[in-house]
Each structure stands twice: as C-alpha cells, then as structure tokens.
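Here is a friendly walk through one protein chain, written for someone who likes to know the cut-offs behind each word. Please keep the viewer open while you read.

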Amino acid sequence: MVMITRHRGGVAGPTAATGGRVEAMTAASRLSPGDPAPEFTLPTDTGSTLSLADLRGRTVILYAYPAAMTPGCTKQACDFRDSLDSLRAAGYEVIGISPDKPEKLAKFRERDAITFPLVSDTDKSVLTAYGAYGEKQLYGKTVTGVIRSTFVIDPDGKIERALYNVKATGHVAKLRRDLGLD
C-alpha cells in the first residue's frame, strides 16, 4: 500500500551533464529546507511496511537510489551500512528508497548485509513527490529515472536538507561532514 501526501516544493531549473554524471534536465518539483516531507507507507525488504509517520520524533536520512545491486548503488548502500552505528549514535535513522520490488531489495539486503530498511516504491509516486524521479541526462542521453538524492527529515517531519544529483561514491562521507559528524 502506498499513501502519499504531497506538499509544495521548489522548482529546479535545467542543468547540464558533466563527465557522464547524471544531472536533472527538466523543471521538477523539488523540496527545500522547511518544506513538510511527503508522508508515505511503503513495503520493505523484510515484507513489512514502513511509514514516515512511524519515525516522527527521530531525524531520518532518506536516500533515493536507482537500482539495487548495481555498482554505484551498492557502494552507496555499503557506505551507509558502514556508517550506520555512528549515524544512529548521533540520532539519525537511515532508509533507502528505490523502485525495486521488495523481493529484489531482500536479495540486496542479504547479499550486502544491509542493516537499515530498504523501501519499495514500484510506482515511483513517493520518489516523484520528493522530486527524486524525472527526466535527467545520463551519459549524454535524456532519460527518465531516479535522480540520486538524499533528504534529511527533522523530528517534526520537515525537510532539513534536500540534496539532489549526489554522487554514489563519497556521498556518505560528505553528508557526515555536512552534518558535523566528522
């Protein structure tokens, strides 16, 4: 079951591709600090469901990635996994979101010992609500897909940080520095 409440967001302008990196190309609805985070209830890699409302009172790092078990997405998930103890000690909960089916997410969790929830957004409605799905440039071609993004959601359910077009490699280390954890 997917439930979404969409709130206002900023609008991003067009950007260009650089060195094969993925960049947004269309005006997509983007979230900004202070915006309410879109609510969701999604199936997880363990067969249960997870609601953002269930995490109220905690700071959540929600990161959107294109596809489980691909090199970049694996690197990013393993970086979050390896930082999870210190992130939790600092009061952060981590959730990964992708359009993969729960069964694929379960294989990803098992294969790479992922120790935080992975949620499935197969119809991409939650990703779209967060501005993390749309048209982008990928290796010189315009495609529609997941825009690798990270959102820090405060205990009251407001966007604290909305980071779009992040790199898979080095992103967690940069996020940790930006959050004052390193």
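Helices (H or I, at least four residues) and strands (E, at least two) are DSSP runs, numbered from the N terminus. After helix α4 comes Gly180, whose phi is positive, near 75°. This is a predicted model, in which local features need pLDDT of at least 70, side-chain atom pairs count only at pLDDT 80 or more, and totals for chains, interfaces and linings use all residues. Residues are numbered from 1 along each chain as its sequence is written, and side-chain values use heavy atoms, with hydrogens and water left out.

**The chain as a whole**

The protein chain has four helices and 12 strands. Of its 182 residues, 48% are buried, where buried means under 20% relative accessible area, exposed over 50%, and partly exposed in between (1.4 Å probe, protein chains only). The exposed surface of the chain is about 8100 Å², with 53% of it supplied by carbon and sulfur atoms; these areas come from the Shrake-Rupley method with a 1.4 Å probe, and for residues only the protein chains shown count as cover. A contact means heavy atoms within 4.5 Å. Among contacts in the chain with a separation of 6 or more, 62% are between residues 24 or more positions apart.

**Strand β6 and its partners**

How many of the residues of strand β6 are buried? Six of its six residues, 59-64, are buried. In a regular strand the side chains alternate between the two faces of the sheet. In β6, Thr59, Ile61 and Tyr63 are buried on one side, while Val60, Leu62 and Ala64 are buried on the other.

Two strands pair if DSSP finds at least two bridges between them. β6 has a parallel pairing with strand β7 (residues 92-98) over six bridges, and in it Leu62 stands opposite Ile95. With strand β11 (residues 149-153), β6 runs antiparallel, joined by five bridges; here Val60 has Ile153 as its bridge partner.

β6 and β7 also belong to a right-handed β-α-β unit together with helix α1 (residues 71-89). A crossover is right-handed if, with the strands pointing away from the viewer, the path from the first strand over the helix to the second runs clockwise.

**Two helices with a buried side**

In helix α2 (residues 102-112), the buried residues are Leu105, Ala106, Phe108 and Asp112. They span an arc of only 160° around the axis, so they sit on the same side of α2; the arc is that of the directions from the helix axis to the C-beta atoms. Packed against these buried residues are α1, β7 and β8 (118-120). Glu103, Lys107 and Glu110 are exposed on the face turned away from the buried side.

The buried residues of α4 are His171, Val172, Leu175 and Arg176. Down the axis of α4 they fall within an arc of 135°, so they line one face of the helix. Their cover includes β6, α1, β11 and β12.

**Leu50 and Thr41**

Leu50 is in strand β5 (residues 49-51) and counts as buried because its relative accessibility is 13%. Which residues touch Leu50, leaving aside its neighbours within four places in sequence? They are Phe40, Thr41, Leu42, Thr44, Ile95, Pro117 and Val119. Leu50 and Val119 are 69 residues apart in sequence, yet their C-alpha atoms are 7.4 Å apart in space.

Thr41, one of those contacts of Leu50, lies in strand β4 (residues 41-43). Its relative accessibility is 11%, so Thr41 counts as buried. The side chains of Thr41 and Ser51 are joined by a polar contact of 2.6 Å. A polar contact is a pair of N or O atoms within 3.5 Å; within protein, one must be able to donate a hydrogen and the other to accept it, and residues adjacent in sequence count only if both atoms are side-chain atoms.

**Positive phi values**

Most residues other than glycine have a negative phi, and most peptide bonds are trans. The table lists some residues with a positive phi.

| Residue | Phi | Place |
|---|---|---|
| Ala113 | about 50° | just after α2 |
| Lys124 | about 65° | loop between β8 and α3 (125-129) |
| Asn165 | about 60° | loop between β12 (159-164) and α4 (171-178) |

Lys124 is partly exposed because its relative accessibility is 25%. Asn165 has a relative accessible area of 12%, so Asn165 is buried.
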